[in-house]
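Work through the exercises below with the sequence and the 3D structure at hand. Each task is followed by a stepwise solution.

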Amino acid sequence: MHPVTAIAPNSLLEPSQLLPFEQLEPSLQQRFQQAWQPGSPLPSVVYPKTQEQLSEVMKLAKANQWQVLPWGAGSKIHWGGIGKPVDLIISTQRINQVIEHAAGDLTITVEAGITLAQVKEFLAPHNQFLAFDPAYPNQATIGGIIATADTGSWRHRYGGVRDRLIGLSFIRSDGEIAKAGGRVVKNVAGYDLMKLFIGSYGSLGILSQATFRLYPIPKHSATVVLSGNPEAIAQATQTLLNSSLTPTALDLRPQNDQILLIARFQSISLSVQEQAKRVFDLSQALGLSAQIYEQQEESQLWATWQHQIWETHPQKVICKLGIRPTEVVNLLLKIEQLAQVQSQCVLHARTGLGILRCNQIRSTQLLELRSYLTSHGGFLSVLEASSSLKQSLDVWGCTGNALKIMQNIKHQFDPDNLLSGDRFIR
């Protein structure tokens, strides 16, 4: 039975909650078509307003064996592999309320469809924030951030999604509502199922609620940008990593045939000023150029870097990279040589993780770069690209021994393979 025929008479949903694919915004249609086989039948889109409605829709999908694609606002739906034809898109965008804010405990529980921007606005009067800086920050939903494990430069200080997530609710592939974790920071009851959902790309269940730990908004912020000889940049990076300084971000970026080392400090004014001065002194000792940015100028600097990576381009290719932290400078020196294209790249010094953006690149060039990375203990995964480029290579490039384990987990959670088919785990 077609989803429109089955869902339309259902008294739980209003007609405005079920849309044909053609009525989606053109940008959403384009993103979807980058990640699914060309010529596939176009799915309907359903917008539940409550967790209970979401559960009922998934029960119908299970009964009719529909292929389901979960998404929030769809800002990263084009990430990942080429998926199987989809019968129904289930969007959590209208499940978007703040459930509970325990300001004294620095925790918040929200529904999965709320955007990070909305959470930021809600928390601002309480002088607290949720320490994520993901791709497409104005559109990214909380569920999407968890599903793609999408963090950015703040990972250096605050850790990844797994370090801030303390509980979640989700809809199983059979439509039942399940929970993992809790609403308090020190919760050790039961198995830590919620960690499985981080980076699962909607393949295990549909996220409906999440609880996070929060942090006070820093009173002051400054960024020190070092540039100069690559060997000195590498030495400065290791010195900062081994020091007692506490940057919230420590990134490396190529720019105009140079490598920039970027240290961001966010705390009380005296602490920020002292730490920025120590980095400046280090730059002088190593013969590096240094510039300190503060206040509005600093905010604009980070916004510009974010835009350079994620701005729209018809032939944009986005890859997630990983390499040993000791190799990050060498990787930046190799990228232009190997890819032979104009690119933007950011690597996080502590983890060796990062993002590479190219406006034009061939699959053979990506495979060459992946070969270099794997030979140095790293990886390359293609997040965004045209469907034709994705079909010409293995998007994930998984060569480890965890694939069978992930396939078994997928089968346990979704035995009929209804959720995000082939987008992540085949």
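Helices (H or I, at least four residues) and strands (E, at least two) are DSSP runs, numbered from the N terminus. The model is a predicted one.

**Exercise 1. Two residues with positive phi**

Task: Place serine 420 relative to α15, and decide whether serine 420 is buried or exposed.

Solution.
- Step 1. Serine 420 sits in the segment after α15 (403–413).
- Step 2. Its phi is positive, about 50°, although serine 420 is not a glycine.
- Step 3. Buried means under 20% relative accessible area. Serine 420 has 1% relative accessibility, so it counts as buried.
- Step 4. Turn to aspartate 422, which is also placed in the segment after α15. Phi of aspartate 422 is near 70°, again a positive value in a residue other than glycine.
- Step 5. Aspartate 422 has 18% relative accessibility, so it counts as buried.

**Exercise 2. Domains and their contact**

Task: List the domains of the chain. Then describe how domain 1 and domain 2 meet.

Solution.
- Step 1. The domain assignment gives domain 1 (3–91), domain 2 (98–216), domain 3 (220–294) and domain 4 (308–391).
- Step 2. Take domain 1 and domain 2: their C-alpha centres are 23 Å apart.
- Step 3. Count the residues in the contact. Domain 1 brings 15 residues and domain 2 brings 22 residues.

**Exercise 3. The cavity**

Task: How many cavities of 30 Å³ or more are there? Why does the largest cavity lie between domain 1 and domain 2?

Solution.
- Step 1. The count is one cavity of 30 Å³ or more.
- Step 2. The largest cavity holds about 300 Å³ of space. It is lined by 25 residues, and those closest to its centre are Trp71, Gly72, Gly143, Gly144 and Ala147.
- Step 3. Sort the lining by element. β3 (68–71), α5 (142–148) and β10 (206–213) each supply at least two residues. The most comes from α5, with four residues.
- Step 4. Sort the lining by character: eleven residues are nonpolar, twelve are polar and two are charged.
- Step 5. Now locate the largest cavity. Both domain 1 (3–91) and domain 2 (98–216) give residues to the lining, so the largest cavity lies between them.

**Exercise 4. The nonpolar cores**

Task: Which residues have the most contacts inside the largest nonpolar core, and which helix gives the most to this core?

Solution.
- Step 1. The largest nonpolar core has 57 residues. Leu252, Leu321 and Leu331 have the most contacts inside it.
- Step 2. Helix α12 (residues 328–339) gives the most to this core, with five residues.
- Step 3. Examine leucine 331. Not counting residues up to four places away in sequence, leucine 331 touches Leu321, Ile323, Leu347, Leu369, Tyr372 and Leu373.
- Step 4. There is a second, separate core of 28 residues, which includes Val119, Ala140, Phe170 and Ile198.
- Step 5. For context: in soluble globular proteins, nonpolar side chains tend to be buried together.

**Exercise 5. Three residues and their surroundings**

Task: Are alanine 61, arginine 370 and leucine 286 buried or partly exposed? What does each one touch beyond four places in sequence?

Solution.
- Step 1. Alanine 61 belongs to helix α3 (residues 51–64). Its relative accessible area is 0%, so alanine 61 is buried.
- Step 2. Beyond four places in sequence, alanine 61 touches Trp66, Val68 and Leu418. Alanine 61 and proline 3 are 58 residues apart in sequence, with 8.0 Å from C-alpha to C-alpha.
- Step 3. Arginine 370 lies in helix α13 (residues 363–375). With a relative accessible area of 10%, arginine 370 is buried.
- Step 4. Beyond four places in sequence, arginine 370 touches Leu380, Ser381, Asp394, Val395, Trp396 and Gly397. Proline 314 is 56 residues from arginine 370 along the chain, and their C-alpha atoms are separated by 23 Å.
- Step 5. Leucine 286 is in the loop between α10 (269–285) and β15 (289–294). A relative accessible area of 21% makes leucine 286 partly exposed.
- Step 6. Beyond four places in sequence, leucine 286 is in contact with Ala232, Gln235 and Ala236. The C-alpha atoms of leucine 286 and isoleucine 233 are separated by 8.4 Å, and the two residues are 53 residues apart along the chain.

Notes
Residues numbered from 1 in each chain as written. Predicted model: local features only at pLDDT ≥ 70, side-chain atom pairs only at ≥ 80, totals over all residues. Heavy atoms only, no water. 1 Å grid on protein atoms, 1.4 Å probe; cavity = no way out; pocket = protein on both sides within 12 Å on 5 of 7 lines; lining within 4 Å. Points joined across faces, edges and corners; volume = space filled by probe spheres on them. Nonpolar A, V, L, I, M, F, W, Y, C, P; charged D, E, K, R; others polar. Domains from an automatic or database assignment. Core = buried A, V, L, I, M, F, W, Y, C linked by side-chain atoms within 4.5 Å. Buried < 20%, exposed > 50% of the residue type's maximum accessible area, 1.4 Å probe, protein only. Contact = heavy atoms within 4.5 Å.
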